[in-house]
Amino acid sequence: MGVQNIFVNLPVKNLEKTMGFFSKVGFEFNPQFTNESAACMVINQNMYVMLLVEEYFKSFTKKEIPNTEKSSQAIIALSVESRQEVDKLAEKALAAGATPTNDPQDHGFMYSRSFADLDGHLWEVFFMEASHVENS
């Protein structure tokens with residue numbers, strides 16, 4: 001399969017506030033794909049999150065935007081290099097206004113923390129020891 005990149009599209013209520021939040025967490029934006037209706041948040045060189053103002057998001061689908069206070073459609077999980085990085089990213093998010101959604105999970109070989117962003121989208125940051133990942 002020749003997939004090269006992933007672009008996750010998320011509806012947001014206030015693009016400026018959302019960009020401010022994710023900037024405080026430590027993410028940058030690609031100005032080439034950012035305007036008053038959308039912002040391209042760079043996760044890494046192959047992963048991006050398109051933050052789309054709700055009205056613009058609606059132009060891509062006939063479905064309703066879920067009420068994130070009552071339901072969730074996805075959890076965006078980000079793998080990082082250490083337990084310390086999990087804590088660092090989660091603490092930055094909480095300091096920027098995120099809401100914790102679960103207690104930290106420590107399974108020995110895997111550690112994670114989760115939060116909801118300003119729009120209620122669920123994020124999980126985790127570290128998994130390489131020795132527990134089978135190479136095929």
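In the predicted model, strand 1 (6-12) and helix 2 (54-58) each contribute at least two residues to the lining of the largest pocket. Strand 1 provides the largest share of this lining, namely three residues. The volume of the largest pocket is about 480 Å³. Its lining comprises 24 residues, of which P11, I65, P66, Q73 and H121 are the closest to the pocket centre. Classified by residue type, the lining of the largest pocket contains nine nonpolar, nine polar and six charged residues.

The second largest pocket encloses about 400 Å³ of space. It is lined by 17 residues, and those closest to its centre are F27, I43, S79, V80 and L89. Strand 3 (38-44), strand 5 (75-79) and helix 3 (83-95) are the elements that give two or more residues to this lining. The largest share, four residues, is supplied by helix 3. The composition by class is nine nonpolar, three polar and five charged residues.

Helix 1 was examined next. In this helix, which spans residues 15-25, the residues L15, T18, F21, F22 and V25 are buried. Viewed down the helix axis, the buried residues of helix 1 fall within an arc of 125°, so they line one face of the helix. This arrangement can be set beside a general property of the fold: an α-helix has 3.6 residues a turn, so residues three or four places apart point the same way. On the other side of helix 1, E16, K17 and K24 are exposed. The N-terminal end of helix 1 is capped by N14, a side-chain oxygen of which lies 3.2 Å from the backbone nitrogen of E16. After helix 1 comes G26, which has a positive phi, near 125°.

Across the whole structure, five aromatic pairs were found. One of these is formed by F22 and F27 in an edge-to-face arrangement, with a centre-to-centre distance of 6.2 Å and an angle of 65° between the planes. Both F22 and F27 are buried. Another edge-to-face aromatic pair consists of Y56 and F60, with 5.1 Å between the ring centres and 80° between the planes. Y56 has a relative accessible area of 37% and is therefore partly exposed, whereas F60, at 57% relative accessibility, counts as exposed. Ring pairs further join F21, F22, F27 and W123 into a cluster. Several members of this cluster recur in the descriptions above: F21 and F22 are among the buried residues of helix 1, and F27 is one of the residues closest to the centre of the second largest pocket.

Polar contacts were also examined around S114, a residue of strand 8 (residues 110-116). With a relative accessibility of 12%, S114 counts as buried, because the cut-off for burial is under 20%. The side chain of S114 is in polar contact with the side chain of T101 at 2.9 Å. In addition, the S114 side chain reaches the backbone nitrogen of N102 at 3.4 Å. The side chain of buried S114 is thus described by contacts to T101 and to N102.

Notes: Residues numbered from 1 in each chain as written. Predicted model: local features only at pLDDT ≥ 70, side-chain atom pairs only at ≥ 80, totals over all residues. Heavy atoms only, no water. 1 Å grid on protein atoms, 1.4 Å probe; cavity = no way out; pocket = protein on both sides within 12 Å on 5 of 7 lines; lining within 4 Å. Points joined across faces, edges and corners; volume = space filled by probe spheres on them. Nonpolar A, V, L, I, M, F, W, Y, C, P; charged D, E, K, R; others polar. Buried < 20%, exposed > 50% of the residue type's maximum accessible area, 1.4 Å probe, protein only. Arc of directions from axis to C-beta. Polar contact = N/O pair within 3.5 Å; in protein donor to acceptor, adjacent residues only side chain to side chain. Phe/Tyr/Trp six-rings, centres within 6.5 Å; stacked < 30°, edge-to-face > 60°.
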